Amino acid sequence: MFFTIIGICIGSVLFALLGYLIGGFVEGCDRRISARMQGRVGPKIRQPFWDISKLFKKEKASTNPSENTYITCALVLLVISGGVFFAGSNLLLSIILSTLSTLFFIMAAYSSRSPFSTAGGAREILQVLSYEPMEYFMAIIFYIVIGSFNVITVSLQPQPLIVYGWPVFIGMLFIQLVKLRKSPFDLSTSHAAHQELLQGTLTEMSGPALAKAKLMHWYETVLMLGWTAMFFLDARPESWIVAVVAAIVAWFLDIWIDNNFARVKWQSMISWCWGITLCTSIVNFIFVSLL
Amino acid sequence: MLAIGVLILSPLIAGCILLCCRGDISRNVIVALSSVVIALASIYVFVSGITSGPQFFTFESQIVDVVCTIVGALLSIIVLAFSIKYKNIWAFLLACIQLVGSLFFDLTMASGISVPQSLYFDNLTLVMVLIIGIVGCSICVYACGYMEDFQAIHANEKDRRPIFFAIMYVFLSGMYLLVFSNNMSWMFTGWEITTVCSFLLISYTRTQEAIHNAFRQIIMNMAGGIAFLAAMMYVVVNIHTLNFDAFLHTGVLDPALVLFPVVCFSFAGITKAAQMPFHTWLLGAMVAPTPTSALLHSSTMVKAGVFMLIKMAPLYAVSPVPSLMLILIGGITFCLASFIAISQSNAKRVLAYSTVANLGLIVALAGVGTAEAIWAAIFLIVFHAVAKSLMFLCVGTAEHHIGSRNIEEMDQLFQRMPKLSRAMMIGAMIMFIAPFGMLVAKWATLVTLIDSQQYALIFLMLFGSVATFAFWAKWLGKLAGVSGDPENIEGTVHKSERFAIGLMLVIALVLSATIPLSSAFVVEPYLVYVFGASHVALGPDMLVCASILTVAVAIVMLTGMHGNKQTRHIDAYFSGVAKNADLRTYVGAKGQVYAATQRNFYLDNWFGEARITPIADISTICVIVICFAIAIGHIFGLV
């Protein structure tokens, strides 16, 4: 028990540091690649770090006193969620903490009572409604195949999780788009201003609060990369290379989709996500029980 | 055993005194005193019971038997009188069947049967005792202030508060009788007392709607009561006992012999726990004054049904037909009731659907019947009782101060009633989000379902759970909204209401933070007692993690959200046309001033009652009919 808690604490601290570096780097690459896809040159890879530090130096200004508490909680809980995951601890705990983090983010959006921000918050709830079942099915298949919820046990297996869990992996790839708010599922927020909802949940955030929201996105991205990589890890050391490559490929796919599809309505989002969740998880249950 | 007698009788005495008491002050004093006595006695029984372990008491009394018969007959006569007065044929028929049936049963069939050990307790009983004693009494205290406001709002109607308080206390007596009895006939009396108390409280205002909903409640619950009676008759004829414990032991050894009574008891439990298709009575019950909803319709009475089902868990583990009945009905109810809750804007209806849903999960877990499942079910009962009554109390107080129970009217509640809002937000969070108690129990549920390979139930549970997130999160979002500088109207909340809400909040948080302890000292010994071994789905490390996080999040929610002085206040963005940002007004294209309002989403086309209820009713009625057909066919040797 003691080791679990210490492990989660150390994991969280390390995730806070490394997640920041990797997340910023990934964000920089994302912007660069997206720019190339759109025929632009794009900013330097280091640009996101400059943006964040500049935002943190800006004046603290807010529409309401609660926002900062909520957004800080959201960030801290997300870091702990990532800490739980990368410390190799309980996968379900990681998932439910990331949900709690999202709840605080939603409350931050609602706290301003601004029309754009509130609508963004409501849409964020719909995003959760869309993607959350799939996360749990991933954990369930993980548990059935590996026999434990502890992420660390994948590195003791002779075969990677993908061998038995390929259907839920496909589902996971899909809902990652929703979780990371990539187009066509960027309903609650979007990077480009002056869309129908301005920036949705982020509309009223400025300065340090906005910086925290952006940081959250970095950490979320790293966590998603981790979830993807987890499917390819096993006892062999070379599997780590496979896992990293797989995560990069999945992430590249996300960017490509983000740049090539237009935003959909929430109805389509829920239908698509629930449909794919049902199909992949049922196929996976059948597949696992046949073997 | 003396303490048990005190627990069963003292609310009854308090109720009789309150019936004759018309002054506000004397009533408040009596309620406060009796609540302290009952709560302390409950704590005493709980502590001494946990230290001594489960006990059966050699107690047999013909006087109690006769009293139970008379009370049972009186209850049926009350319903008969109401059904004649309001010309309700179905209630009349069912009450006649019940009156004749129970008199016939008590006077002929049960007369020769003796139950030497009529009273008992185990840890599950003790948990219920604590819920009834502490939650129940806090709600009675809360009712003092609430009913004063209620009477002020309904000033032109007759003051029926003496009878209101009397019924609340009689109800507590009935609950104690139910949980302590090992004699099925006494259990049945307790069961019927709670049903009729609920009926009388729903019809309290005597409006047409209240009467209509009260009859719906009594018809559905009497159907359950008659099933209970049928089960007892079958048990007396075939097993020659009224000893509930003996019935359970016989049943485990010979599941085929008890198939019919188990299906009947399950049916009774399902009606009491307001499972689909019977959930409509609980929704109708929301017309009753809010303390009633908090006490009867969320924390205690509806728990009587699942209490009995959990007691019978070892039978479900060996008997597939009733087990499947509970799993399917509970699972479908959890999923679909959570869906419908998304489409509701009336706070009490949201709470009612959420109650129906959570009871569904508990029913399904009882149907699974393993030690792991019962661990989760007991924690669901405890946290639901505490958190849901906290929510009801908050909504009741808010209703009297903002004049509406509609969630859409709760704009700026965080500024108008800051303490109440924080209590409400925490209550909501305990209901649905990690690391609080309810979600820890749901987490254990999920692991249990995987371990017992209940794949269909996993689907129902996960989709139901995300729907739960959706309707609570949008409510929380509404509460989180802050703007302008509205007047604080919290000063006029009655002291009794503040006390009850504060107490429930503290209890809910403390319970959430001490799950590892309550698991080790209360629930696991129960599992060892019933199943021979305890198996908890979550490791102690995860429980401790949840506790630590609970404390952290609770501190933030209680003390945070004040902002700091260095932060400059800016106006919300209105595309550059704001007139007054605090009032959310802006200038339209032709120069008129509009106010921007926001409503939450309700997805009525997807999750509306009209769309979901028929699906729910048809599927659950099919399950019930098939299970009864199998059980009855089994009696005649057909299946």
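**Exercise 1. Helix 8 of chain A**

How many residues does helix 8 of chain A have, and how far does it reach from its first C-alpha to its last? Then find which of its residues are buried and where they sit around the axis.

*Solution.* The model is predicted.

- Step 1. Helix 8 of chain A runs over residues 239-260 and has 22 residues.
- Step 2. Its reach from first to last C-alpha is 31 Å, close to the 32 Å expected at 1.5 Å a residue.
- Step 3. Its buried residues are A:Ala243, A:Ala246, A:Ala247, A:Trp251, A:Asp254 and A:Asp258. These cover an arc of only 130° around the axis, which puts them on the same side of helix 8 of chain A.
- Step 4. On the other side, A:Ile241, A:Val245, A:Val249 and A:Asn260 are exposed.
- Step 5. The cover over the buried residues includes helix 6 (162-179) and helix 7 (207-230) of chain A.

**Exercise 2. Two more helices**

Check the spans of helix 4 of chain A and helix 3 of chain B. Then describe the burial of each.

*Solution.*

- Step 1. Helix 4 of chain A has 21 residues, which should span 30 Å at 1.5 Å a residue; the end C-alpha atoms are 30 Å apart, so the values agree.
- Step 2. In helix 4 of chain A, 21 of the 21 residues are buried, so this helix is largely enclosed by the rest of the structure.
- Step 3. Helix 3 of chain B (residues 62-85) has 24 residues, and the expected 34 Å agrees with the 34 Å between its end C-alpha atoms.
- Step 4. Buried residues in helix 3 of chain B are B:Asp65, B:Cys68, B:Gly72, B:Leu75, B:Ser76, B:Val79, B:Phe82 and B:Ser83. They pack against helix 4 (89-109), helix 7 (184-202) and helix 8 (208-239) of chain B.

**Exercise 3. The contact between the chains**

How many residues does each chain bring to the contact? Which helix of chain A supplies the largest share of its side?

*Solution.*

- Step 1. Chain A gives 47 residues and chain B gives 42 residues.
- Step 2. Five elements of chain A each supply at least two residues of its side: helix 1 (2-37), strand 1 (61-62), helix 3 (67-86), helix 4 (91-111) and helix 5 (115-146).
- Step 3. Helix 5 of chain A supplies the largest share, 14 residues.
- Step 4. The side of chain A that touches chain B divides into 27 nonpolar, 15 polar and five charged residues.
- Step 5. Strands also link the chains. Strand 1 of chain A pairs with strand 3 (residues 568-569) of chain B in the parallel sense, over two bridges. A:Ser62 stands opposite B:His569 of that strand in chain B.

**Exercise 4. The core and two residues**

Which residues of the largest nonpolar core touch the most other members? Is B:Glu372 buried or exposed?

*Solution.*

- Step 1. The core holds 338 residues; those that touch the most other members are A:Ala74, B:Val363, B:Ala366, B:Trp375, B:Ala377, B:Val386 and B:Leu390.
- Step 2. Helix 17 (residues 371-402) of chain B brings the largest share of this core, 22 residues.
- Step 3. Leaving out residues up to four places away in sequence, B:Ala366 touches B:Val306, B:Leu309, B:Ile310, B:Ala313, B:Tyr316, B:Leu326 and B:Ala377.
- Step 4. B:Glu372 is found in helix 17 of chain B. B:Glu372 has 23 other C-beta atoms within 10 Å, so it is buried.
- Step 5. With the same sequence limit of four places, B:Glu372 touches B:Thr448, B:Asp451, B:His535, B:Val536 and B:Ala537. B:Glu372 and B:Val530 are 158 residues apart in sequence and 12 Å apart in space, C-alpha to C-alpha.

**Exercise 5. Backbone exceptions**

Most residues other than glycine have a negative phi, and most peptide bonds are trans. Find where the peptide bonds to B:Pro277 and B:Pro435 lie and give their omega values. Then place B:Lys87 and B:Gln453.

*Solution.*

- Step 1. The bond from B:Met276 to B:Pro277 is cis, with omega near 5°. B:Pro277 is in the loop between helix 10 (259-272) and helix 11 (280-284) of chain B.
- Step 2. B:Ala434 and B:Pro435 are joined by a cis bond, omega about 0°. B:Pro435 is in the loop between helix 19 (418-432) and helix 20 (437-451) of chain B.
- Step 3. B:Lys87 is not a glycine, yet its phi is positive, about 55°. B:Lys87 is in the loop between helix 3 and helix 4 of chain B. B:Lys87 has 8 other C-beta atoms within 10 Å, so it is exposed.
- Step 4. B:Gln453 has a positive phi near 55°. B:Gln453 lies in the loop between helix 20 and helix 21 (455-480) of chain B. B:Gln453 is exposed, with 12 other C-beta atoms within 10 Å.

Key. Residues are numbered from 1 along each chain as its sequence is written. Chains are lettered from A and ligands numbered from 1 in the order in which they are written. This is a predicted model: local features need pLDDT of at least 70, side-chain atom pairs count only at pLDDT 80 or more; totals for chains, interfaces and linings use all residues. Two residues are in contact if their C-beta atoms, placed from the backbone, lie within 7 Å. Helices (H or I, at least four residues) and strands (E, at least two) are DSSP runs, numbered from the N terminus. Ala, Val, Leu, Ile, Met, Phe, Trp, Tyr, Cys and Pro count as nonpolar, Asp, Glu, Lys and Arg as charged, and the others, Gly among them, as polar. Two strands pair if DSSP finds at least two bridges between them. The expected span of a helix is 1.5 Å times one less than its number of residues. A residue is buried if 20 or more other C-beta atoms lie within 10 Å of its own, exposed if 12 or fewer, and partly exposed in between; C-beta atoms are placed from the backbone. The arc is that of the directions from the helix axis to the C-beta atoms. A nonpolar core is a set of buried Ala, Val, Leu, Ile, Met, Phe, Trp, Tyr and Cys residues joined through C-beta atoms within 7 Å.
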